[in-house]
Amino acid sequence: MKNLFTLFVTLFCVQFLFAQNFVSTVPENKNVILEEFTGIHCGYCPDGHVLAQNFYNANPGDVVLVNIHSGSYANPSPGEPDFRTPFGPAIDAQAGVAGYPAGTINRHLFPGMQQGTGTAMSRGDWATAGGQTLAQSSCVNVAAEAFLNISTRVLTVDVEAYYTDNSTSTTNKVNVVLLQNN
């Protein structure tokens, strides 16, 4: 009886060590990350914000909006807030932004929709490209939980991934992005 109990405890502990805590193990379709390149002085960007928000609202839980303030329209005048980040220019250049507002869906190239040679697209193409992405099955589910210790001002982010199929790439990487709201 003691050996049976020890075996049960060992199997339970091994299962617990390798169990997924919060990521789903059920195959799902891809989600969309729409990185919108914008600026405080961009005249057409409010229309881009409306189109991005409409796409977000039409796909609850499946779309994340990231506004990246970059380019000449993002330069604030004296007394205006500065929404630029150190990473904005590099992401802007990687996407090949040719006009504002621009956006990229999952940093994927959609032939015929790009502004130039990169992944950046004009606002009229975001919903079409995003819809194509949402219809694709995903080989991996990713989930994250964040914990903030107010007294130490330390944010800890736990990220879990569960492969539901074989990846089409030999190397998979994860970027964790912290978005500010209010």
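What pLDDT does the protein average, and what share of the residues score at least 70?

1. Welcome to this structure, which is a predicted model. The protein averages a pLDDT of 90, and 89% of the residues reach a score of at least 70. One stretch needs care: residues 3-16 have a pLDDT below 50, and in the model they make zero contacts beyond near neighbours in sequence. Where pLDDT is low, the predicted coordinates should not be read in detail.

2. Next, have a look at helix H4, which spans residues 126-134. Its buried residues are Trp-126, Ala-129, Gly-130, Thr-133 and Leu-134. These residues lie on the same side of H4, because they cover an arc of only 140° around the axis. A general point helps here: an α-helix has 3.6 residues a turn, so residues three or four places apart point the same way.

3. What covers that buried side? The cover over the buried residues of H4 includes two kinds of element: helix H2 (45-58), and the strands S1 (32-38), S3 (102-105) and S4 (121-122).

4. Now turn to the surface. A nonpolar patch of about 850 Å² is formed there by Val-142, Leu-148, Ile-150, Leu-155, Val-157, Val-159, Val-174, Val-176 and Leu-178. Strands S5 (140-149) and S6 (154-163) each supply at least two of the patch residues. The largest share, three residues, comes from S6.

5. Finally, pick out Val-174, one of the patch residues. Val-174 sits in the segment after S6. Is Val-174 buried or exposed? Val-174 counts as exposed because its relative accessibility is 52%, and the cut-off for exposed is over 50%.

Methods. Residues are numbered from 1 along each chain as its sequence is written. This is a predicted model: local features need pLDDT of at least 70, side-chain atom pairs count only at pLDDT 80 or more; totals for chains, interfaces and linings use all residues. Side-chain values use heavy atoms; hydrogens and water are left out. Patches are made of residues with over 30% relative accessible area and no salt bridge: like charges are joined within 9 Å, nonpolar side chains (Val, Leu, Ile, Met, Phe, Trp, Tyr) within 5 Å. Accessible areas come from the Shrake-Rupley method with a 1.4 Å probe; for residues, only the protein chains shown count as cover. A salt bridge is a side-chain nitrogen of Lys or Arg within 4 Å of a carboxyl oxygen of Asp or Glu. Helices (H or I, at least four residues) and strands (E, at least two) are DSSP runs, numbered from the N terminus. Buried means under 20% relative accessible area, exposed over 50%, partly exposed in between (1.4 Å probe, protein chains only). The arc is that of the directions from the helix axis to the C-beta atoms. Contact means heavy atoms within 4.5 Å. pLDDT is the predictor's confidence in each residue, from 0 to 100.
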